[in-house]
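Visitor: I have just opened this structure and would like a guided tour. Could you take me through it, one question at a time?

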Amino acid sequence: MPPLLDFKDIQDKLSTHFRPFHRSFQFWVRAADIYTGYKVFQLRVSLVKDLQKQEEMWERQHELAADKIYAMCSDLGGFFLKIAQIIGKPDLAPSAWVRRLVTLFDRAPATPFDTVQLVLKKELGQSVGEIFENFEAEPLGSASIAQVHRARLKGDKSDVVVKVQHPGIQELMMTDIRNLQAFALYMQKTDIKFDLYSVTKEIEKQIGYEFDFVREANAMERIRRFLYENNKKSPVLVPRVLKDMVTRRVLVMEYIDGIPILNLGDEIAKRGINPGSKIAMTAKQNILKSMTLAYGQMILKSGFFHADPHPGNILICKGSEVALLDYGQVKDLPDSLRLGYANLVLAMADNDPIRVSESYRELGIDTLSKCENELQELLKFAQTLFDTKLPPGVVMLQPFSEDSLIKKIAVQAFPEELFSVLRTVHLLRGLSVGLGINYSCAEQWRPIAEEALYLAGRLKGTDLKPRVRKCRLFRRLLGRE
């Protein structure tokens with residue numbers, strides 16, 4: 001007698017097979033709705049002459065679009081949570097978008113604990129009960145690719161964090177990226193004169209790396225060693241990896257006790273400290289200086305850096321110490337781009353438009369200007385893209401606005417590898433806005449950039465010496481020397 005058909009198994013296989021197609025359909029329907037909504041609105045608002053009324057209309061349109069973008073990212077999850085992190089910044093998006101998207105960080109649905117146990121057994125070769133003294137079934141957090149659990153190994157007194165990849169997530173996220181690339185190609189040919197496709201290609205490359213936890217563990221150890229060797233005290237804490245407990249889909253590391261940076265305001269208030277007091281501001285400045293020093297050294301001295309400093313990856317520990325988590329997204333810049341960016345940092349810090357133009361050519365950024373005062377606009381555009389402090393008069397990029405910088409400066413070619421620097425700077429800018437501190441990372445990184453160029457033989461020692469003293473002063477302010 002032939003075996004009975006397992007209809008449940010057939011249903012599951014069909015569901016898995018058609019899920020990417022259904023997901024693509026959902027994306028295109030929603031993206032088309034949001035896009036056409038803005039295009040129709042542009043026609044409507046162009047008929048209104050009153051500027052105040054125009055602003056009110058724009059605000060309503062942004063709120064309507066924000067609800068739709070939120071619903072799309074929330075419903076589809078996965079890669080779209082990362083998109084929310086990228087565009088949900090005060091300088092990149094309208095305030096209505098930011099207010100809605102900021103609540104999406106690390107809201108990915110958790111993998112059931114039964115499935116987590118199966119993944120751990122398959123990857124580590126033993127059951128949870130055989131390896132761990134205790135293991136918290138409820139995850140500390142669940143993000144787009146993985147979730148983390150607090151646990152304690154048998155015979156150990158310290159807690160660890162166990163990072164477990166969501167099963168089947170890689171195929172879905174690759175589907176999302178390909179859809180986004182097609183949409184980016186259309187947008188750059190119609191409305192946004194920026195090489196968006198190259199940006200999405202770099203996202204594809206970086207996301208692809210995130211599925212390999214062995215690579216992440218190696219990156220974490222490399223950055224940890226670099227920061228500890230280049231400072232008397234590392235500006236940020238980096239978790240230590242348990243090397244014999246790392247596989248492609250599981251990563252076990254030391255547990256660092258701290259509070260998420262998003263909860264810093266509540267923690268300050270809980271301790272009875274006025275958020276606007278000198279004590280609170282000093283703590284915030286120390287946090288930002290620590291992050292700035294760490295990133296300046298990683299990007300400009302090493303070229304190998306953590307490329308995902310969003311709020312969910314930053315913990316504040318005792319004494320305003322900063323812990324930097326999640327090394328799935330790292331970038332290794334070739335020396336040509338590292339030094340080219342160091343040159344751009346000096347140009348931005350000195351407000352030197354001629355040097356900015358030269359740096360663009362060196363970096364391979366191909367621009368086409370459609371405005372008067374081309375050099376000044378190029379400087380303003382560089383500071384908007386690559387510095388944490390926006391230039392005077394710039395609030396955000398506003399790609400649909402007629403006086404947008406993207407309308408004035410068309411970016412015809414943008415090096416894919418430079419996107420990670422751009423994204424990192426924008427995340428640091430969002431961090432500074434959240435802490436209520438307006439500062440220029442280019443000004444703070446100036447001594448580090450000069451040191452990098454000097455060591456490469458591109459600056460003379462006579463030009464460097466005064467800057468080195470500034471660098472030492474900056475470190476002294478941080479208590480590093």
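Visitor: What covers the buried residues of helix H13?
Guide: Happy to help, and please keep in mind that this is a predicted model. The buried residues of H13, which spans residues 353-363, are Pro353, Val356, Ser357, Ser359, Tyr360 and Leu363. Their cover includes helix H12 (335-349), strand S12 (366-369) and helix H14 (374-386).

Visitor: Why do the buried residues of H13 line one face of the helix?
Guide: An α-helix has 3.6 residues a turn, so residues three or four places apart point the same way. Looking down the axis of H13, we find its buried residues within an arc, so they line one face. That arc is 160°.

Visitor: Which exposed residues does H13 carry on the face turned away from its buried side?
Guide: Here exposed means over 50% relative accessible area. On the face of H13 turned away from the buried side, the exposed residues are Ile354 and Arg361.

Visitor: What is found at the start of H13, and which residue follows the helix?
Guide: At the start, the backbone nitrogen of Ile354 has a side-chain oxygen of Asp352 within 3.2 Å. Beyond the other end comes a residue with a positive phi, near 85°. That residue is Gly364.

Visitor: Is Asp332 buried, partly exposed or exposed?
Guide: Asp332 sits in strand S11 (residues 330-332). Leaving aside neighbours within four places in sequence, its contacts are Arg222, Gly303, Phe304 and Glu417. The cut-offs are under 20% for buried and over 50% for exposed. Because its relative accessibility is 40%, Asp332 counts as partly exposed.

Visitor: In the open sheet of 3 strands, which are the edge strands?
Guide: The order of this sheet is S7-S9-S10, and the pairing is antiparallel. S7 is joined to S9 (residues 314-316) by 2 bridges, and Pro260 has Leu315 as its bridge partner in S9. An edge strand here pairs on one side only, which is the case for S7 (259-260) and S10 (322-324).

Visitor: Which helix packs on that sheet?
Guide: The helix touches S9 and S10, and its direction makes about 40° with that of S10. It spans residues 278-302 and is helix H11.

Visitor: How many residues does the largest nonpolar core have?
Guide: Tyr341, Phe386, Phe414 and Trp445 have the most contacts inside this core. Phe414, for one, is in contact with residues including Phe194, Ile365, Phe386 and Leu422. Apart from this core lies another of 17 residues, among them Val116 and Phe135. The largest core has 116 residues.

Note on methods. Residues numbered from 1 in each chain as written. Predicted model: local features only at pLDDT ≥ 70, side-chain atom pairs only at ≥ 80, totals over all residues. Heavy atoms only, no water. Pairing = 2+ DSSP bridges. Helix = DSSP H or I, 4+ residues; strand = E, 2+ residues; numbered from the N terminus. Contact = heavy atoms within 4.5 Å. Axes fitted to C-alpha atoms, helices over the stretch in contact; angles between N-to-C directions. Buried < 20%, exposed > 50% of the residue type's maximum accessible area, 1.4 Å probe, protein only. Arc of directions from axis to C-beta. Polar contact = N/O pair within 3.5 Å; in protein donor to acceptor, adjacent residues only side chain to side chain. Core = buried A, V, L, I, M, F, W, Y, C linked by side-chain atoms within 4.5 Å.
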